[in-house]
Amino acid sequence: MNFFQRQQDVRKSSRRLVVLFIVAVIALVVVVDLIAFLLLGLNEQTAESTMNIMIGLSLFLIVAIGLTSFLRMLALQRGGGGKVARSLGGMFVPENTTDPRLRRLRNVVEEMAIASGTPVPEVYVLPNEHGINAFAAGFTPADAAVAVTHGALERLNRDELQGVIAHEFSHVVNGDMRLNIRLMGVLFGILALAILGRILISMRGERNPLPLIGLVLIIVGYIGVFFGRLIKAAVSRQREYLADASAVQYTRQTGGLVGALKKIGGITEGSKLRDKRSEDVSHMLFGEGFVSWFATHPPLDQRIRTLDPTFDPAQLAQLSARWRALPPNGMAEDEALGLAPPGERPLPPPNAPMPVQAAAVVASIGTAAVPRSDAHQRAGSIISAIPAPFLDRARHPDTVMPLVMGLLMAEDPRTRAAQQAIVASRFGPAVAHAAGQDAQALASLHPVLRLPLAELAFPVLRRRPRPQQDAVLACIHALAQADGQVDLHEYCLSRLLHRELYESMHHTSPWAGRRAPRQAIDQAAAKLLAVLAAAGSQGQAEHAYRAGLAQVVPGQPLPFAPVPPSALESVWPVLDGLDGPEKQYLVTGMVTVIGHDGVMTVSEIELLRTVCALLHCPLPPLADARPEEVTP
């Protein structure tokens with residue numbers, strides 16, 4: 001199942017969840033009405049009085065459950081993943097931390113974000129939890145947070161931590177987080193019946209049926225929770241297998257993930273969490289968080305055996321005996337095994353051509369699976385190649401704004417001067433001057449490093465005060481429109497940062513995401529392909545456009561009409577609302593246009609990655625070109 005099919009599957013699961021929720025509410029209302037009818041009959045109520053009470057009770061229950069679920073989901077959505085982590089006692093890990101364990105954690109998270117082509121999430125540690133566990137939460141990838149327990153931080157070596165984080169990133173990429181938030185809301189709404197029942201029981205009085213109704217609500221409420229948790233457990237177990245498989249695709253090795261699962265089975269604390277509030281997120285966790293009839297994860301030995309068919313469950317008893325005497329220490333294992341962040345690799349020249357196959361590129365979306373090298377190691381090498389002064393500025397709240405503004409400025413001196421004036425009008429001359437200096441220094445930055453640097457700066461940018469974020473949004477938009485001279489790379493990077501910052505603030509896409517008419521979709525796709533063709537296929541632009549168009553809208557003779565990048569503003573709302581298979585055809589067409597001559601340069605690949613990210617199709621860094629594979 002590829003990325004686009006998984007997106008379709010998540011949408012279907014969301015629709016099934018709505019249907020199951022409606023069925024559960026109707027069933028609960030019917031049960032409450034039946035029991036209330038019997039109790040009111042025993043209290044010798046008149047038929048008219050009984051009917052009025054039952055109608056009122058039914059309407060009240062429907063409104064109470066629906067409204068409670070909606071408000072709970074809205075609160076979780078608006079708070080983003082960070083709110084969920086903080087509600088469980090999570091401690092934020094700053095981007096510029098120097099603590100060795102926390103620095104290792106942040107490095108792994110950043111590598112996975114670059115490897116998966118997604119924004120870098122907020123990072124948290126649950127300091128009071130000594131079991132090995134983790135979760136990812138959020139409503140969109142731009143407002144996501146990843147949290148790990150203190151036990152995971154202490155007990156896992158770097159490879160094992162990578163396996164756990166890769167598992168969580170698969171939930172981010174596959175869209176599971178949104179479904180998980182909805183599950184939390186649905187269960188809370190049904191549980192509200194039991195809470196309401198407790199309130200009604202306290203309302204005593206002569207010939208008052210409310211305490212009896214309250215008792216019924218408590219019973220029915222917990223029955224509803226029982227079946228709701230069964231649904232949650234069934235959905236979660238299936239997705240955990242998929243997340244394990246995706247984690248292997250990210251890291252290209254099973255040893256780390258298997259090692260983490262074995263440590264869960266071998267240490268005394270296992271994956272259990274002590275904070276009872278964590279039960280709400282049990283379906284989000286890496287490992288089973290609680291002893292319960294409602295197992296949200298497959299049995300541990302089955303998960304291990306799926307990844308390592310040679311696994312013998314007796315190994316867990318041996319490991320447990322060894323670790324009781326001397327618990328595992330992840331940092332010590334790193335030193336003993338020589339595990340360290342990936343080192344810097346030489347980057348190919350910006351215009352170095354790479355052989356391209358559209359099917360292979362499309363297949364890599366959302367998987368980070370490449371045939372020749374480990375995605376996370378390549379991502380680590382990319383981060384290592386970014387000059388240290390730029391990394392420091394990207395990770396510090398006082399310098400991140402000028403850096404981002406400088407990253408988005410054009411090379412053309414006249415356009416850059418206009419952009420500096422825009423920055424000065426919003427943030428003052430000091431920030432504008434610093435942005436201009438950063439733009440000059442960033443001019444020589446390798447194209448492969450520009451998008452990763454922007455993604456590393458993003459989490460710091462999104463933690464600025466809300467008024468400043470609004471100003472940054474407006475400034476980014478203005479920079480992309482300056483003098484109409486911004487090239488396609490600069491425009492797309494500006495638009496991507498704008499969209500990610502908007503989503504982190506509003507927890508929804510800046511575009512409505514509604515289905516557009518077929519004619520509007522065809523025209524939007526044609527406009528995007530025409531801009532890409534004009535930007536990259538010198539002398540062959542119309543031929544490249546025709547080839548790409550045949551992949552997206554075959555048989556439609558839409559004319560080739562190049563437009564400036566700023567004309568794409570009307571394209572994104574239409575194309576981002578496409579379903580999975582349609583986006584797959586669109587990306588195939590984009591690859592066909594950019595690689596019309598059979599190769600793509602490094603600069604063209606980075607442009608493709610940026611455009612794919614704009615359309616919520618995360619494309620990992622493609623494998624480095626090798627001299628012997630380059631077509632002359």
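**Exercise 1. A bridge and its strands**

Task: Start from phenylalanine 92 and find which residue of strand 2 is its bridge partner; then work out in which sense strand 1 and strand 2 pair.

Solution. Step one: the bridge partner of phenylalanine 92 in strand 2 is tyrosine 124. This is a predicted model, so please read each result as a property of the prediction. Step two: strand 1 covers residues 91-92, and its pairing with strand 2 is antiparallel, with 2 bridges. Step three: turn to strand 4 (residues 145-149), which pairs with strand 2 in the parallel sense over 5 bridges. Here glutamate 122 stands opposite alanine 145 of strand 4.

**Exercise 2. From pairs to a sheet**

Task: Put the strands of the open sheet in order and say which of them stand at the edges.

Solution. Step one: the sheet has 4 strands in the order 1-2-4-3, and its pairing is mixed. Step two: strand 1 and strand 3 (134-137) each have a single partner strand, so they are the edges, and one side of each has no neighbour in the sheet. Step three: add the helix that lies over these strands. Helix 3 (residues 100-116) lies across strand 1, strand 2 and strand 4, and runs at about 140° to strand 2.

**Exercise 3. The two faces of strand 2**

Task: Decide whether the faces of strand 2 are covered or not, and list the residues on each.

Solution. Step one: recall that side chains in a regular strand alternate between the two faces of the sheet. Step two: sort the residues by side. Glu122, Tyr124 and Leu126 lie on one side, with Val123 and Val125 on the other, and all of them are buried. Step three: check against the count for the strand, where 5 of the 5 residues in 122-126 are buried. For the wider setting, 56% of the 632 residues in the chain are buried.

**Exercise 4. Helix 19 and two partners**

Task: Describe how helix 19 (residues 466-481) packs with helix 16 (residues 413-427), and then with helix 20 (residues 488-506).

Solution. Step one: the axes of helix 16 and helix 19 come within 10 Å and cross at roughly 165°. An angle over 145 degrees counts as roughly antiparallel, and the two helices are therefore roughly antiparallel to each other. Their crossing is right-handed. Residues of helix 16 in this contact include Ile422, Val423 and Phe427, while those of helix 19 include Ala471, Val472 and Cys475. By class, the contact holds 9 nonpolar, 2 polar and 1 charged residues.

Step two: the axes of helix 19 and helix 20 come within 9 Å, crossing at roughly 160°. Helix 19 and helix 20 are therefore roughly antiparallel as well, but this crossing is left-handed. Among the residues that meet are Leu473, Ile476 and His477 of helix 19, and Leu497, Leu501 and Tyr502 of helix 20. The classes here are 9 nonpolar, 7 polar and 2 charged.

Step three: look for a residue of helix 19 listed in both contacts. Val472 takes part in the contact with helix 16 and also in the contact with helix 20.

Notes:
Residues numbered from 1 in each chain as written. Predicted model: local features only at pLDDT ≥ 70, side-chain atom pairs only at ≥ 80, totals over all residues. Heavy atoms only, no water. Buried < 20%, exposed > 50% of the residue type's maximum accessible area, 1.4 Å probe, protein only. Pairing = 2+ DSSP bridges. Axes fitted to C-alpha atoms, helices over the stretch in contact; angles between N-to-C directions. Parallel < 35°, antiparallel > 145°, perpendicular 65-115°, else oblique. Left-handed = near helix turned anticlockwise from the far one by under 90°. Contact = heavy atoms within 4.5 Å. Nonpolar A, V, L, I, M, F, W, Y, C, P; charged D, E, K, R; others polar.
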